[in-house]
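Colleague: Got a minute to go through this one with me? I'd like to start with the charged pairs.

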Amino acid sequence: MLNITTEQNGSEVTILLDGRLDKNSSVELREEIYKYVGSSEKIILDLEKLIYISSAGLRVFLETAQDMEANGGELNVRKLTSEVWDIFEMTGFLHALTVI
């Protein structure tokens, strides 16, 4: 189960993820994120409470980063848990995404 909380501050959007980001919840996350792609300068994904991410979740992150860049914006991720950090490190996402 994944809880998604969104906070908007001008053209910056922070999306807090709490729980597990898997094949099923990645669809819900993608729908939430894409409300802001194209209209926001920056999307920040706060992963402080994310305990698991699957390849489907990683794909959403990568697609969002590419789409934000194409629209002149940026995607940042922050507050990675040690479990998520390990997955990012193993898959190369530490270098593919902007980790703040």
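Modeller: Sure, one term before that: buried is under 20% relative accessible area, exposed over 50%, and partly exposed in between (1.4 Å probe, protein chains only). The model is predicted: local features need pLDDT of at least 70 and side-chain atom pairs 80 or more, while totals for chains, interfaces and linings use all residues. Numbering starts from 1 along each chain as its sequence is written, and side-chain values use heavy atoms, without hydrogens or water.

Colleague: OK. How many salt bridges in the whole structure?

Modeller: Five turn up (Lys or Arg side-chain nitrogen within 4 Å of an Asp or Glu carboxyl oxygen). One of them pairs Asp-46 with Arg-78 at 3.2 Å, N to O. That links strand 3 to strand 4, with the two residues 32 apart in the chain.

Colleague: And Arg-78, is it buried or partly exposed?

Modeller: Partly exposed, because its relative accessibility is 24%. Its partner Asp-46 is buried, at 4%.

Colleague: What does Glu-48 form a salt bridge with?

Modeller: Lys-79, with the closest N and O atoms 4.0 Å apart. Glu-48 is in strand 3 and Lys-79 sits in the loop between strand 4 and helix 3, 31 residues apart. Shared partners join Asp-46, Glu-48, Arg-78 and Lys-79 into one network.

Colleague: How exposed are Glu-48 and Lys-79?

Modeller: Glu-48 is partly exposed at 45%, and Lys-79 is partly exposed too, at 43%.

Colleague: Which residue does Arg-30 pair with?

Modeller: Glu-63, and the closest N and O atoms are 3.4 Å apart. Arg-30 belongs to helix 1 (residues 23–33) and Glu-63 to helix 2, 33 residues along. Both count as partly exposed: Arg-30 has 36% relative accessibility, Glu-63 28%.

Colleague: Switching topic. What's the strand order in the sheet?

Modeller: 1-2-3-4-5, in an open sheet of five strands with mixed pairing. Helices (H or I, at least four residues) and strands (E, at least two) are DSSP runs numbered from the N terminus, and strands pair if DSSP finds at least two bridges between them. Strand 1 (2–9) and strand 5 (98–99) are the edges, each pairing on one side only.

Colleague: How do strand 4 and strand 5 run?

Modeller: Parallel, joined by two bridges. Thr-98 in strand 5 is the bridge partner of Asn-76, which lies in strand 4 (residues 74–78).

Colleague: Is Asn-76 buried or exposed?

Modeller: Buried, because its relative accessible area is just 2%.

Colleague: Last one: which residues in helix 3 are buried?

Modeller: Val-84, Ile-87 and Phe-88, in a helix spanning residues 82–91. The face turned away from that buried side carries exposed Ser-82, Glu-89 and Met-90. Gly-92 follows the helix, with a positive phi near 85°.
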